[in-house]
Amino acid sequence: MKLIYLHLKNYRKFEDVRIEFENGITGIIGANGAGKSSIVEAIEWALYGSVGKSGRGDKKENIKRVGAEERDGCFVEFGFELRGEKYTVKRWIKGKGNTPGAELFLADAGHLIADGTRDVTEKMEALLGFGVKPFEVSVFAKQSELAALSDMVGSQRKELILRLLGIERIDEAIDAAGKDERDLEYERERLHMELTDPATGRKYVDIRREELEAAQMEMEAARSEMEVISRRKKELEKEISAVERSIESVEEKRKKYEELRIRMGALEAGIASSVRDMERMKTEMEEIEKKRGRLDALRRDAEEEASVREALDNMSREFDRYRELDSLEREADYRRRELERTEAEIEELRKTCTDTAALRRDIEETTGKKDEAEMGLEELRGSLHRLLAEEERLSGEIRAVSDEKREIEELGEESECPTCHRPLKDHYPALLKELTDRMDELRSRAGDVRAEVEELRGKLNSEKRRKEALDKKLSVLMGKMESAERNARLLKERSSARDSLVEKIKDIETRMAAVGLVNYDENEMKRLKKEARRFEKSVREYHIIEGQMKRLPQIEKRFREAETAAERDKNILEGLRKEMAELNYNEAEYRELAKRNRELNSELREIEKRSGIEEGRLNMAVSRKEDIVGSIENLRDKERRKGELDERAIYISKVREVMADFKKSLMQRIRPTLSRFSSTLLREITEGKYPVIDFGENYEISVLDGNEFYPINRFSGGEKDLINLCIRLAISRAVSHFSGASEMNTIILDEVFGSQDADRKRNILKTLNALQKDFSQIVVISHMDDVKESVNSVIRVIEDPETKISTLVIE
């Protein structure tokens with residue numbers, strides 16, 4: 001896997017940041033607690049939905065940035081390349097309930113591969129070939145985990161290393177095979193019990209065949225009884241048909257009789273309703289006639305009230321003009337006072353205006369000097385990088401010449417010439433002198449390079465201080481320029497506001513002149529309102545009586561119409577009574593026929609009930625027969641299944657034996673592999689001081705110092721951390737070697753330099769460079785700033801002390 005980019009929004013301490021990953025060694029540098037480790041934990045969350053291996057027991061809610069709004073979501077987008085294909089995985093939580101979601105795309109085609117948190121995690125495990133635990137074991141190494149190795153006793157260390165290397169998966173497979181074997185035995189025993197009657201020892205399939213014969217006999221008996229019932233049912237249906245024909249012959253008269261009865265009832269109710277309406281309307285007409293005499297006196301009061309109301313309306317219009325003029329006068333006073341304040345502000349702003357042209361020239365001059373300083377810094381960094389590489393190359397040549405000289409000294413004059421492979425003899429002293437001179441010359445050149453390095457570092461620090469001073473000066477000048485521009489903008493705004501106020505005052509004065517003189521008398525207004533209230537009751541009564549008088553002709557008309565309708569309905573009712581008498585309908589005859597029909601239908605229902613019982617009996621017998629046939633087939637399937645399980649039990653037993661042999665073989669290879677990987681790393685980092693790490697039978701760790709092996713606890717804290725780091729890196733390589741996780745050729749080291757001196761840190765970084773054949777992308781997380789000089793690219797994490805939000809700076 002190749003890391004391409006990472007985009008974080010509201011994840012832990014990050015509001016909105018994006019990282020582009022490069023090949024080689026990348027340093028993530030920042031203060032403790034700034035959020036360095038969160039970058040890698042975000043990758044783990046994107047891939048697997050895990051909230052990180054920080055050990056804090058975080059829930060998904062806690063990964064959202066503190067201070068983010070409830071509506072803001074927490075979002076991580078990770079781009080990577082795997083086996084030539086580019087992928088994008090997105091994971092988020094959003095909403096009040098922190099609802100999770102995830103998507104996985106083929107980046108170039110934009111094709112959605114998986115949707116949903118579970119599906120994305122399963123697809124990622126399938127793509128990478130392993131889950132979150134091997135990711136943490138083979139990729140993400142923390143210093144706290146390194147120390148755990150040396151603090152354990154041998155048996156605990158063995159258990160941890162075997163667990164990290166995934167041996168427990170083989171144990172799980174062996175246990176799973178054993179469980180399958182036990183489950184098969186249980187299933188075989190269960191099938192045997194289901195196939196055999198424990199009481200008699202007979203096979204259930206033979207018992208079911210006897211039950212099948214009994215069900216067949218029950219079916220025949222039910223069919224015979226149903227034939228008897230069917231004959232009686234036909235007789236009843238024939239008799240019911242004859243009775244129903246007789247009922248039909250009387251039915252027409254009964255319907256006509258019922259129709260006439262209903263119509264007569266409706267007419268009688270209508271006549272009664274018309275009589276009640278006539279009585280009510282007669283009473284209402286009498287009441288209206290009584291009120292007619294008061295109408296003239298009330299009309300005079302209404303006319304006088306209208307005159308008072310007209311005068312009151314005129315006075316109300318004058319009052320509205322009075323209020324408008326008063327409002328305009330108050331607004332004019334307010335605008336005049338506002339104009340005075342604005343003119344005073346303009347005078348103050350004119351006093352504070354600064355010459356921005358001079359400030360702009362100072363800013364341009366300072367910016368130019370700053371750019372020159374930055375270019376100088378880049379040139380010095382490039383020179384320093386080249387000198388450090390030269391120093392490293394010379395150190396390698398010195399070690400090579402030293403090793404060659406030591407080898408020749410150990411073998412003596414009988415050693416072979418490295419060129420012609422003949423014994424040195426007389427050439428021995430000259431060759432030693434030549435090698436010694438070569439070493440002296442290389443050391444002299446290395447000393448000169450170190451002196452140049454120190455000189456360049458001094459110049460680099462001086463140039464950094466000069467740039468910081470220019471940054472500070474530029475910040476001050478920019479502040480002054482911002483203040484001057486702000487005052488100029490304010491002066492322009494206040495001048496515009498003054499002109500606007502002058503125009504508004506002129507407009508108000510014009511509107512006041514348009515209103516003119518006002519003839520409003522407050523006492524006259526009160527008098528008119530009191531006079532209008534005095535007539536309110538009389539006018540209201542006048543309008544009520546006048547409305548009633550207008551309705552009187554309509555009431556008289558409705559009275560006459562109700563009287564005519566009542567007389568008409570009485571005539572129709574008398575005709576209906578005569579028609580009912582002429583119908584000659586016999587209710588008793590109809591009831592007797594209906595009774596006989598009910599008796600016959602009741603007997604028919606009983607017959608049908610018996611038929612249903614017998615049909616149910618037949619169906620039950622058929623169903624029982626089908627169940628028995630199905631049961632027999634099921635028993636035969638179980639017999640076949642038991643035979644298959646017998647064969648599978650033999651196969652699983654052989655698989656368990658093969659897995660046990662494979663585990664034994666694998667465990668014999670693990671210790672030598674770990675020893676070889678970790679020894680190579682430690683030998684390179686310590687420049688040959690500690691060449692071998694050995695793992696005992698119970699994974700006790702010992703290190704070769706001189707000619708003897710010593711336990712790891714004998715070494716100092718820094719050396720112990722170094723040994724643990726080498727073992728951890730070896731485990732990562734072993735995981736790739738044994739578990740097939742070679743696609744994840746990336747490793748992340750979190751704060752592993754804390755106890756190492758400068759030379760050891762440099763050697764570790766050199767070793768990491770050599771590991772790029774196994775890990776093309778190596779990420780180093782550290783709070784130490786000097787690490788950045790030995791990595792290919794730097795990502796600096798900076799936390800704002802006030803907002804607690806972290807940002808990224810690529811150096």
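User: In which helix is the place of alanine 513?

Analyst: Alanine 513 sits in helix α10. Helices are DSSP runs of H or I with at least four residues, strands are E runs of at least two, and both are numbered from the N terminus. This is a predicted model, where local features need pLDDT of at least 70, side-chain atom pairs count only at pLDDT 80 or more, and totals for chains, interfaces and linings use all residues. Residues are numbered from 1 along each chain as its sequence is written, and side-chain values use heavy atoms, with hydrogens and water left out.

User: Why is alanine 513 called exposed?

Analyst: Its relative accessible area is 63%. Exposed means over 50%, buried means under 20%, and partly exposed is in between, using a 1.4 Å probe and protein chains only. The value for alanine 513 passes the exposed cut-off, so the label fits.

User: How far apart are the C-alpha atoms of alanine 513 and isoleucine 693?

Analyst: They are separated by 106 Å. Along the chain, the two residues are 180 residues apart.

User: What span does helix α10 reach, and what is expected?

Analyst: Helix α10 covers residues 428-515, which is 88 residues. From first C-alpha to last, α10 reaches 127 Å. The expected span is 1.5 Å times one less than the number of residues. That gives 130 Å for α10, and the model comes close to it.

User: What follows α10?

Analyst: Glycine 516 does, with a positive phi near 75 degrees.

User: Why is histidine 543 called partly exposed?

Analyst: Histidine 543 has a relative accessible area of 47%. That falls between the buried and exposed cut-offs, so the label is partly exposed. Histidine 543 belongs to helix α12, residues 536-583. From methionine 478, histidine 543 is 65 residues away in sequence and 83 Å away in space, C-alpha to C-alpha.

User: What makes helix α1 mostly covered?

Analyst: In α1 (residues 36-48), 13 of its 13 residues are buried. Glycine 49 comes just after α1 and takes a positive phi of about 80 degrees.

User: Which value of phi does asparagine 10 have, and is that residue buried or exposed?

Analyst: Phi of asparagine 10 is near 55 degrees, positive although the residue is not glycine. Asparagine 10 is part of strand β1, residues 2-11. Its relative accessible area is 7%, so asparagine 10 counts as buried.

User: Why is arginine 12 called buried?

Analyst: Arginine 12 has a relative accessible area of 10%, which is under the buried cut-off. Arginine 12 is in the loop between β1 and β2 (14-20). Phi of arginine 12 is also positive, near 50 degrees.

User: How many helices and strands does the protein have?

Analyst: There are 15 helices and 15 strands. The protein is more spread out than a compact globule, because its radius of gyration is 54 Å, well over the 28 Å from the globule rule for 811 residues. The radius is taken over C-alpha atoms, and the rule is 2.2 Å times the number of residues to the power 0.38.

User: What box do the C-alpha atoms fill?

Analyst: Along the principal axes, the box is roughly 165 × 120 × 45 Å. Of the 811 residues, 37% are buried.
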